[in-house]
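User: I am new to this structure and would like a close look at a single part of it. Please begin with one loop and the proline within it, and then place that loop in its wider setting.

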Amino acid sequence: MSKIRNSTRGGYRFKNFKGKPAAKVENSTVPGKVTIPLRQGFGTEVEPVVTVGEHVSSGQIIGRNDETISSPVHASVAGNVTDIREILVAGDKQQAIIIETDAGFRFSNESTSLLAGHSSDWKTLDSERLGELIYLSGVSALASGGIPTQYRSSPIEPMEVESILVLGLEDEPLSPSLNAILPASRYSDFLDGIRMLKRVLPEASAHIAIDTAHKDLINSLSQHIGDEDEIELRAVKGKFPYSWEEVAVPMVFGKRVPSGHQAVNIGIVVVSVQTVLHVFDAIANGIPMIERTIAMAGEGFAEPQHVRVPVGVSIGELTKERLVGRERYRIVRDSLLTGHAVGEDEEPIVRVSRALYAIPELTFTGKFSFMGPGTDSDSYSKTFIPIGKKKIDTNLHGEERACLSCSFCAEVCPAGIQPNILHRYVINELFSETLLQFKIFDCIECNLCSYVCPSKIPVANLMREGKKRMTDEGFSSHEVTESHQKLKGVQ
Amino acid sequence: MSSFREKLHRKATATGLLSFSAIFEAVEGFIYGPSELADGAPHIHDHLEIKRFMSMAIVALLPTTVAAVVFWGPRVLLVVLVSYLAGGLVEVAFAALRKRPIEEGFLVTGLIFPLVLPPTVPLWIVAVGIIFGVFFGKEVFGGTGRNIFNPALVGRLFITIAFPKAMSTSWQAPFTDAITSATPLSLYKTGQEITPYVDLLFGNVAGSMGEVFSIGIIVGGIFLLLTRVGNWRIPVFYVGSVFVLSLIGNIFLPELIAPPLFQVLAGSLLFGAFFMVTDPVTSPYNNESKIIFGVFAGFLTIVIRSFSGYTEGVMFSIILMNALAPLIDHFVMKAKYKPLESV
């Protein structure tokens, strides 16, 4: 066997920041109201199957469409449907069902509708039933291309899946802690979850990639994995954006995800550690996707930690007791590199939410700040001496200047392209075959180039703009290769 | 924002004098630090900015600058001052004209330039050189980031050709007043004389102000590479190729080609390798091109030093390679990215 790779080109390790979430999980209180978007995670928007005024129980399916590629959505609390209207989630308009709580959330109430047919003795269930539970629970929407089942939860069929890749990386600056998501008490549930997925996807090999920073976790898991399991476990460096399938799949399997396509199109289902636990909970305990453990991290929170929250709770309600002060902080969903800033506090948590970050809107960095030793400064370069925890804020930490071609962006680019060259073509509006040849469409929009740029040029925005303009000019993002014919789930 | 700063800001914008507001903005940014926030994702940014980027180069130049002051006295500081003032004038004028901020890159150019001059250089030549260098080496190309040639080198080359007597015959060894025309490289050229390596290391030889103290240059240069402000590829391959080529050449043509260690320590090779070819703007983009650039520059340096009328070839070879950098990149990109298959 070839040498196991734990790293790949590009990427950047964010480490040692202030405001990292403590490795503990708190239960949130029952919200007065939840907003359940009809599209959460992978798939198209589903149809509401309840009407305004109807009473729903927590865990009940309230949106479903078996005709389109989608997975059902559920009421996370018991209560009355008061409205079905268009809302904004992370910059995306979509229909949502509003429920006013009357009974309670699962934490405090026994009346949650559990999925029919679940069993803690799951090995006795047939694989049809397992697939059904994964679909009906909504868990199938958690993978970027869906988890294939006998329903239309993914563009590909279960038999077409060649590999399952479970990623447990802390590659963001204030990533959710693996120790919080996967405590020791859940190791066997986690591995059972993978065994369940292997039953549903019978042709698939299973692979787990865990952050090299979690040696203990890797050791413990390897003791729990039996020889008959055929689960490969490996350590992978927690560089950003190695948890992205566009980067992780080539690193682990040596196969690239063709630009413009997803990992499922080459038969690989990529899931997170938390998703695997949701698979277990759905099948063994009958729990649908009504709750999610998210990190609430950053200096804006009085106590950065993890919170188990009902899907649909508004960010305003969730954060109001925990924030040090709303005004001075920017709240960002899921990723400080690529996430959306929360504009309206009404925006709900969805079932694929991972984190909320509250970081200072810092307009004053200190006099002569560029000359200091930088004991709390983060930089790709080695021009600071960060001896303590590093601070994290929204300041640009510089003024926009001309590109010097320092090549930092090309060095960190996980797609192996050269933003330092490509962005000039975009600025000068040179949209031609050359840009296609220089692989502008390989850009995965991880924004790392903008992060490292000492000239503070919005490189990533220019790359996005370039791709858009190229598409407008008739250049295709879809790779024209022989393997294109073999892609799965593509018409 | 403090009220004093606000008042100043109003005053500066109210005068309508472009050059004044450009200077004001530069000073404001210098003192108060950046205040702009990320607009959308990414919401966070690296703390390195161009001011610090350039400051690192200046820090790296400090050992050799201090040595120059020790060797040739406080007049060195005067030369540096003239360089900053005269070159700064051009920089500010263009910033005002273009309504663009003053680029911090000049802070490095303004210091590198005096360091490559002989200690006896007349002050007016310093001014002429830096003005020419910044104007024709940088601004006519469109300013920082667009220049093809290293501005300090353009200035140096101009005054070398325009004022040959002042620039290439009036050298002075440290702590002496005697004017000599003999630098280690010319001593080898005329009589295959090898200056003792200890003198070359500690700078006890005639030469340009910032180029003789090899130890200081190496220390500063390594610092620059370790901070990632300078990419290691060109310096390593440049010095490496000079070393290897002179190692081979010295065996066959010892009367023309000096031995490798001497080639590395004498003249401006180390200074050029650490502080000139590391200028990201005028060196190629691709890692592969950087290696080619370094090897070719080394080859040219040896050729000019050994087979031409000039004793020193570093400056010419770097400026020639500056001109070739886009071409090297062109071919490397062509090789790296295969043409698209026709459908």
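Analyst:
**A loop and its setting**

In chain A, the loop between β11 (231–236) and α5 (245–253) is where Pro241(A) lies. The model is a predicted one, and the description that follows should be read accordingly. Phe240(A) and Pro241(A) are joined by a cis peptide bond, whose omega is about 0°.

Beyond α5, the chain enters another loop, between α5 and β12 (268–272) of chain A, and Val257(A) is found there. Is Val257(A) buried or exposed? Val257(A) is buried, because 22 other C-beta atoms lie within 10 Å, and the cut-off for a buried residue is 20 or more. Leaving aside neighbours within four places in sequence, the contacts of Val257(A) include Glu245(A), Glu246(A) and Val249(A); these three positions fall in the range 245–253 of α5. Gln262(A), Ala263(A) and Ile266(A) are also in contact with Val257(A). By contrast, the C-alpha atom of Ala402(A), 145 residues away along the chain, is separated from that of Val257(A) by 34 Å.

Ala402(A) leads the account on to a further loop of chain A, the one between β16 (355–360) and α8 (408–412), which holds Ser405(A). Ser407(A) has its place in the loop between β16 and α8 as well. Ser405(A) is not a glycine, yet its phi is positive, at about 60°. Ser407(A), also not a glycine, has a positive phi of about 70°. Ser405(A) counts as buried because it has 24 C-beta neighbours inside 10 Å. Ser407(A) likewise counts as buried, with 23 such neighbours inside 10 Å.

Chain A also offers a pair of packed helices. Such a pair is described by the angle between the two axes and the distance between them. Helix α3 (residues 187–200) and helix α4 (residues 215–224) of chain A pack at an angle of about 60°, and their axes are 10 Å apart. The crossing of α3(A) and α4(A) is right-handed. On the α3(A) side, Tyr187(A), Ser188(A) and Leu191(A) take part, and they meet Ser220(A), Leu221(A) and His224(A) of α4(A). By class, this contact has 3 nonpolar and 3 polar residues, with no charged ones.

Chain A touches chain B: 58 residues of chain A are in contact with 41 residues of chain B. On the chain B side, α2 (18–32) and α3 (50–72) are the elements that give two or more residues. Of these, α3(B) gives the most, with 6 residues. The chain B side as a whole has 22 nonpolar, 12 polar and 7 charged residues.

Pro42(B) is placed in the loop between α2 and α3 of chain B. The peptide bond that leads to Pro42(B) from Ala41(B) is cis, with omega near -5°.

A further proline of chain B is Pro326(B), and shortly before it, at Leu324(B), helix α16 (residues 314–336) has a kink of about 45°. The buried residues of α16(B) include Val314(B), Phe316(B), Ile319(B), Met321(B), Ala325(B) and Ile328(B); Asn322(B) and Asp329(B) are also among them. The buried residues of α16(B) pack against α7 (151–162), α14 (269–276) and α15 (287–307) of chain B.

Note on methods: Residues are numbered from 1 along each chain as its sequence is written. Chains are lettered from A and ligands numbered from 1 in the order in which they are written. This is a predicted model: local features need pLDDT of at least 70, side-chain atom pairs count only at pLDDT 80 or more; totals for chains, interfaces and linings use all residues. Two residues are in contact if their C-beta atoms, placed from the backbone, lie within 7 Å. Helices (H or I, at least four residues) and strands (E, at least two) are DSSP runs, numbered from the N terminus. Ala, Val, Leu, Ile, Met, Phe, Trp, Tyr, Cys and Pro count as nonpolar, Asp, Glu, Lys and Arg as charged, and the others, Gly among them, as polar. The bend at a residue is the angle between axes fitted to the seven residues ending there and the seven starting there. A residue is buried if 20 or more other C-beta atoms lie within 10 Å of its own, exposed if 12 or fewer, and partly exposed in between; C-beta atoms are placed from the backbone. Axes are lines fitted to C-alpha atoms, for helices over the stretch in contact, and angles run from 0 to 180 degrees between N-to-C directions. A crossing is left-handed if the near helix is turned anticlockwise from the far one by less than a right angle, and right-handed if clockwise.
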